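Q: I have a new structure open and would like to learn how to read it. Could you walk me through a few features?

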Amino acid sequence: MQLNLQREKPTCNCGVFGIYGSANASLETYYGLHALQHRGQEACGIITKNISSKGNPHFSVHKGEGLVTEVFDDHTIFQNKLIGNAAIGHNRYSTTGSAQSSKNIQPFIVNYRLGNLAVAHNGNLTNEKLIREELVNEGSIFQTTSDTEVILHLIARSRLNDQIEQVKEAIEKIEGAFSLVLMTDTKLIGARDSHGFRPLVIAKLNGAYIIASETCAFDILSAEFIREVQPGEIVVIDDEVLKTGIIKSYHLSQKSEKKHHCIFEYIYFSRPDSFIFGHNVDKMRRRLGKVLAINHPVHNEGDEKVIVISVPDSSNTTALGYQTQLEKLGVNCKLEIGLIRSHYIGRTFIQPGQANREIGVKIKFNTVKGVLEGRTVVLVDDSIVRGTTSKQLVKLIREANPKSIHLRISSSPITHPCFYGMDFPSKEELFANNFNSNIEEMGKYLGVDSLEYLTNDEMLEAVSEAGKDNFCYACFSGKYPTKVDLNFKKEIYEI
Ligand code: SF4
């Protein structure tokens with residue numbers, strides 16, 4: 001049995017990257033994808049645009065299953081195959097489409113009436129099924145089971161003669177979450193849905209332009225962040241933009257009245273060193289920890305020191321915010337490294353069965369016993385999905401003989417699935433639902449001395465600098481900002 005330990009948390013999403021106007025476009029895309037690896041670890045790919053000896057645009061593709069370093073393990077590929085001054089890349093985690101089908105690895109490419117067209121997509125379309133059925137009824141033949149392919153079909157079938165207009169027309173038909181990078185024979189295009197569910201940011205690098213999911217993809221290249229692609233905006237980079245320095249910008253006519261940024265990007269998904277939705281992720285994650293401490297503190301007894309530890313790495317920043325605030329509240333406390341995480345697990349083989357499931361957690365984490373023994377321990381985590389890993393983690397910490405364990409969660413209980421690009425299990429498998437969100441019972445099941453979550457209001461309060469009303473928090477509330485098909489099932493169409 002193969003255990004993908006990455007899936008203990010809601011698995012996100014995807015990472016996209018595009019660059020235009022650089023002699024090293026493919027190598028820079030490789031580095032960008034490397035920085036965005038946390039957004040998808042199943043597969044990745046790069047497509048470059050080159051001009052052939054006959055003067056024709058030529059797209060080259062390299063894709064495969066695995067991490068960026070595994071798929072691009074032969075460096076000669078960047079000199080011999082992926083050549084050209086423009087490229088787009090994608091890190092995949094399958095939120096729609098079969099994870100098993102290699103056909104679903106992005107970026108996708110087609111050749112149509114106006115030339116080559118490639119696309120990389122982060123998000124999930126909520127009306128994909130409907131559009132796909134219409135297109136199939138009209139004779140379209142799909143190559144993949146991914147929702148992204150419908151975007152290519154819609155563009156390629158357009159009767160308009162201007163590519164930007166074609167993209168605009170196609171995008172106005174799709175609904176849900178999308179942050180896209182597209183590459184044509186003459187342009188790099190970035191587009192974001194009008195809710196702004198997923199981030200999309202723009203930078204400049206020695207005269208070239210980059211569009212990517214998060215700013216951490218710019219830092220690795222020392223590229224200069226310019227701005228975010230606005231919700232409902234299409235940006236275009238072409239040779240003219242390289243000369244004038246003025247990015248071409250278009251707006252979708254159908255606009256959401258409000259922004260609905262995914263709050264989970266701040267809670268868990270995005271890297272803390274990124275800047276998205278107008279703020280540093282690090283700052284927002286600290287704020288979540290701060291609000292958690294204010295509303296759900298753990299007090300010391302006598303002159304003992306409370307030990308605050310994080311579930312590494314995603315909760316490190318939140319734990320820092322929690323401990324700093326707890327200290328301000330007058331609690332004698334200290335931030336410690338009580339759990340050590342192995343970064344080399346990859347895909348690990350284990351045997352089926354309860355005893356061996358515990359191995360899964362032990363492969364990933366170990367305790368620093370001297371830090372925990374005899375202490376009042378606050379374990380800070382960002383979320384609980386199924387609860388099985390948290391239970392095993394608590395058991396592991398118990399083996400280090402702490403005085404007590406207090407689990408603090410920097411989100412509210414997850415009770416609903418996500419239709420916008422995060423892969424949660426079914427409603428029935430969600431931990432909070434199995435206990436009707438009865439936190440006391442949930443704490444007993446996990447084996448902790450106390451369990452506290454942020455409430456929805458506290459969670460929104462923590463991110464309020466980015467606008468309390470600017471967030472989607474449907475997986476915590478069931479309040480979906482768009483029409484969704486509650487019966488939607490992943491992998492409907494197997495190819
Ligand atoms: S449902 Fe949850 S994970 Fe999905 S976009 Fe909304 S906040 Fe993010």
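**Reading a sheet and a helix**

A: Happily! This is a predicted model, and a good place to start is its open sheet, where seven strands lie in the order β5-β4-β6-β3-β12-β11-β13 with antiparallel pairing.

Q: Which strands are the edge strands?
A: An edge strand pairs on one side only, and here those are β5 (57–65) and β13 (224–228). Neighbouring strands of this sheet are turned by 15° against each other on average, ignoring direction.

Q: How many bridges join β3 and β12?
A: Four bridges link strand β3 (residues 14–20) to strand β12 (residues 208–212), in the antiparallel sense. To see a single partner, find Gly-18: its bridge partner in β12 is Ile-211.

Q: Which strands does helix α1 touch?
A: Helix α1 (residues 25–35) packs on the sheet and touches β3, β4 (43–51), β6 (86–92) and β11 (201–205). The direction of α1 makes about 25° with that of β6.

Q: Now a helix: what span does α11 reach from its first C-alpha to its last?
A: Helix α11 (residues 316–328) has 13 residues and reaches 19 Å, close to the 18 Å expected at 1.5 Å a residue.

Q: Which residues of α11 are buried?
A: The general idea first: an α-helix has 3.6 residues a turn, so residues three or four places apart point the same way. In α11, the buried residues include Thr-318, Tyr-322 and Leu-326.

Q: What do the buried residues of α11 pack against?
A: They pack against α10 (281–295), β19 (306–310), β20 (333–335), β24 (376–381) and β25 (404–409). After α11 comes Gly-330, with a positive phi near 90°.

Technical notes
Residues numbered from 1 in each chain as written. Predicted model: local features only at pLDDT ≥ 70, side-chain atom pairs only at ≥ 80, totals over all residues. Heavy atoms only, no water. Pairing = 2+ DSSP bridges. Helix = DSSP H or I, 4+ residues; strand = E, 2+ residues; numbered from the N terminus. Axes fitted to C-alpha atoms, helices over the stretch in contact; angles between N-to-C directions. Contact = heavy atoms within 4.5 Å. Expected span 1.5 Å × (residues − 1). Buried < 20%, exposed > 50% of the residue type's maximum accessible area, 1.4 Å probe, protein only.
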